[in-house]
Amino acid sequence: MKEVPLNLRDLTLEELEAFLEGLGEAPFRGRQVFRWLVRPEVEDFSQMTDLPKSLRKRLSQESTIELPRLLEHRFSTDGTAKLAVGLRDGEVVECVLIPERDHYTLCLSTQVGCAMGCRFCLTGRMGFRRNLFPGEIVSQVLLARRFMQEFGLEDKPLRNLVFMGMGEPLANYRHLVKALKILTHPQGFHFARKRTTVSTVGLVPQIRALAEEYPVALAISLHAPENELRARLIPTTRRYPLEEILSACRAYPLKRGARLTIEYVLLEGINDHPWQARRLAEILRDLPVKINLIPFNPHPDLPFRRPPEARIQRFQQILLSEGFVATVRKSKGLDIGAACGQLRAELTLSQNSA
Ligand code: SAH
Ligand code: SF4
């Protein structure tokens, strides 16, 4: 089997510095390379013009900065764009560029498929294939930036990142944390940590680890106010019951005025009853949260329905009257299969085998 060369995009600044030191170079060379890797147009060491030629040659012998390929894109009528990203082994993931009022948000994938098996999620249905490397996570930002340039989407900045694409970010913990460090480093991409949100199904040990190691904004996919129902929708509930998830949330460090996000997919007749809204309010009572209600995005392969508008509003109204911040997520990109839980990378498998 051919050995896979070291991809410098997988490295944090500290690791890059150490790598260059290992080649007998000064650590500042690591910083120089790190800064080049933020630029979407850079695909080759020859472009790193402030490095000596000999070093560029050495780097290209010892390593690579290869990027995944943008295979295909689709625009939704609401302006959302879904990008299919081809990885070096032929796997495909998707990321979604979402226009907001004054900025863009990029929804990133962290795994090919997902092992968590949530019943309402297409990515869950496809099963787990593999973890993404840190560089494969980071590169989605670069491909999105190229895409924005190409399509003249530079009216507003790409400012927010949400780890809500394919996969369970905290099940790929080590690579996720590296990607977070690369993406938020002031000398690199410099995304704000409070505008970088990791969404999790509720893996308690990893929530606690992230709190210690590298806290960013956190969103918890709750989806039910009681364990019994939650376990039927989300199998990991059997390992990590609600009480433990909420207690990890309580311990999660928040900046002044910041809140955790609670995501709640509304499934008609399953978790959208008024009593369930009241129960949800009860269990979240002492937590600084904003609740994001996500009306289910249907698909023929999924055995659930989206509740009618009136029921969605009733559910929201109860939470509001209990004093919570509660919003209903307008699902963007529904028409192109780019909305929450619709990512499956089904478009392009054949084209990436070349
Ligand atoms: N694995 C992480 C992040 C990816 S899923 C997590 O589960 O949090 C991102 C969000 O989309 C989660 O809140 C998930 O529950 C939600 N989602 C999954 N399938 C959905 C569907 N069919 N309709 C609406 N939301 C869905
Ligand atoms: Fe995985 Fe999240 Fe989908 Fe559950 S909802 S299967 S954790 S991607």
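Biologist: How many residues of domain 1 are in contact with domain 2?

Modeller: Contact means heavy atoms within 4.5 Å. Here 17 residues of domain 1 touch 16 residues of domain 2. The bounds, from an automatic or database domain assignment, are 6-64 for domain 1 and 69-353 for domain 2. Bear in mind that this is a predicted model, where local features need pLDDT of at least 70 and side-chain atom pairs count only at pLDDT 80 or more, while totals for chains, interfaces and linings use all residues. Residues are numbered from 1 along each chain as its sequence is written, chains are lettered from A and ligands numbered from 1 in the order written, and side-chain values use heavy atoms, leaving out hydrogens and water.

Biologist: What area do domain 1 and domain 2 bury between them?

Modeller: Interface size is often given as the accessible area lost when the parts come together. With a 1.4 Å probe, and summed over both parts, the two domains bury about 1,300 Å², 59% of it on carbon and sulfur atoms. On the domain 1 side, Asp10, Val38 and Pro40 lose the most area, together 41% of what that side buries.

Biologist: In which sense do strands β3 and β4 pair?

Modeller: Strands are DSSP runs of E, at least two residues, and helices are runs of H or I, at least four, numbered from the N terminus; a pair needs at least two bridges. β3 (residues 69-75) and β4 (residues 81-86) are antiparallel, with 6 bridges. Arg69 sits opposite Gly86. The hairpin has 5 residues between its strands, and Gly79 there has a positive phi near 95 degrees.

Biologist: Which residues other than glycine have a positive phi?

Modeller: Most residues other than glycine have a negative phi. Two cases here go the other way: His190, with phi near 60 degrees, and His223, at about 70 degrees. His190 lies in the loop between α6 (173-184) and β10 (196-200), and His223 in the loop between β11 (217-221) and α8 (227-233). Buried means under 20% relative accessible area, exposed over 50%, partly exposed in between (1.4 Å probe, protein chains only). His223, at 5%, counts as buried.

Biologist: Why does Cys95 have no bond to Cys107?

Modeller: A disulfide is a pair of cysteine sulfur atoms within 2.5 Å, and the count here is 0. The closest cysteine sulfur to that of Cys95 is in Cys107, 8.2 Å away, so the gap is too far for a bond. Cys95 is also buried, at 0% relative accessible area, and Cys118 counts as buried at 12%.
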